[in-house]
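Let's walk through this fold together, starting with how its strands pair and ending with what fills its interior. Have the model open beside you as you read.

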Amino acid sequence: MPIKPKDLERLLVNKFRFSPTEQHRVDHHWYELQLPGLPVILTKVSHSRKEIGKNLESMIARQLRVRKAYFQGMVNCTNSREDYYRRVKEEPFPPWDVLF
């Protein structure tokens, strides 16, 4: 199910408690999440009104440290905040030692 950037931004902030950040370029809206004992999780969302395509979904999922199928569950509200936090602590994908 395609998602619009504004809907994704609301989901990140309201459900998963990401915070907007101004520390990066202005060509996208940037969001970060700091969980105890983990590096900062950082993702960006386009200013565009167009729906997010499948390739961008994959990229955002990697930035959020989950697989694409799990990310789609986040978007469809089948995965809770607590489950997401547990997943990035115990089963991050890609693992924390992989940089992009």
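## Strands and sheet

Three bridges link β1 to strand β2 (residues 28–33), and the two run antiparallel. Strands here are DSSP runs of E with at least two residues, helices are runs of H or I with at least four, and both are numbered from the N terminus; two strands pair if DSSP finds at least two bridges between them. One bridge to look for joins T21 to its partner W30 in β2.

The full sheet is open and antiparallel, with three strands in the order β1-β2-β3. Its edges are β1 (19–21) and β3 (41–46), each paired on one side only. On average, neighbouring strands are turned by 35° against each other, direction ignored.

## A helix on the sheet

Helix α1 (residues 5–15) packs on this sheet, where it touches β2 and β3 (contact means heavy atoms within 4.5 Å). The direction of α1 makes about 155° with that of β3; axes are lines fitted to C-alpha atoms, for helices over the stretch in contact, and angles run from 0 to 180 degrees between N-to-C directions.

## The nonpolar core

The largest nonpolar core has 24 residues, and L8, F18, L64, V66, F71 and Y84 have the most contacts inside it. Such a core is a set of buried Ala, Val, Leu, Ile, Met, Phe, Trp, Tyr and Cys residues joined through side-chain atoms within 4.5 Å, where buried means under 20% relative accessible area (1.4 Å probe, protein chains only). At least two core residues come from each of α1, β2, β3, α2 (54–63), α3 (68–75) and α4 (81–90). The largest share, four residues, comes from α3.

Beyond its neighbours within four places in sequence, L8 is in contact with I3, V45, I52, I60 and F71.

## About the model

This is a predicted model, in which local features need pLDDT of at least 70 and side-chain atom pairs count only at pLDDT 80 or more, while totals for chains, interfaces and linings use all residues. Residues are numbered from 1 along each chain as its sequence is written, and side-chain values use heavy atoms, leaving out hydrogens and water.

Note on methods
Buried < 20%, exposed > 50% of the residue type's maximum accessible area, 1.4 Å probe, protein only.
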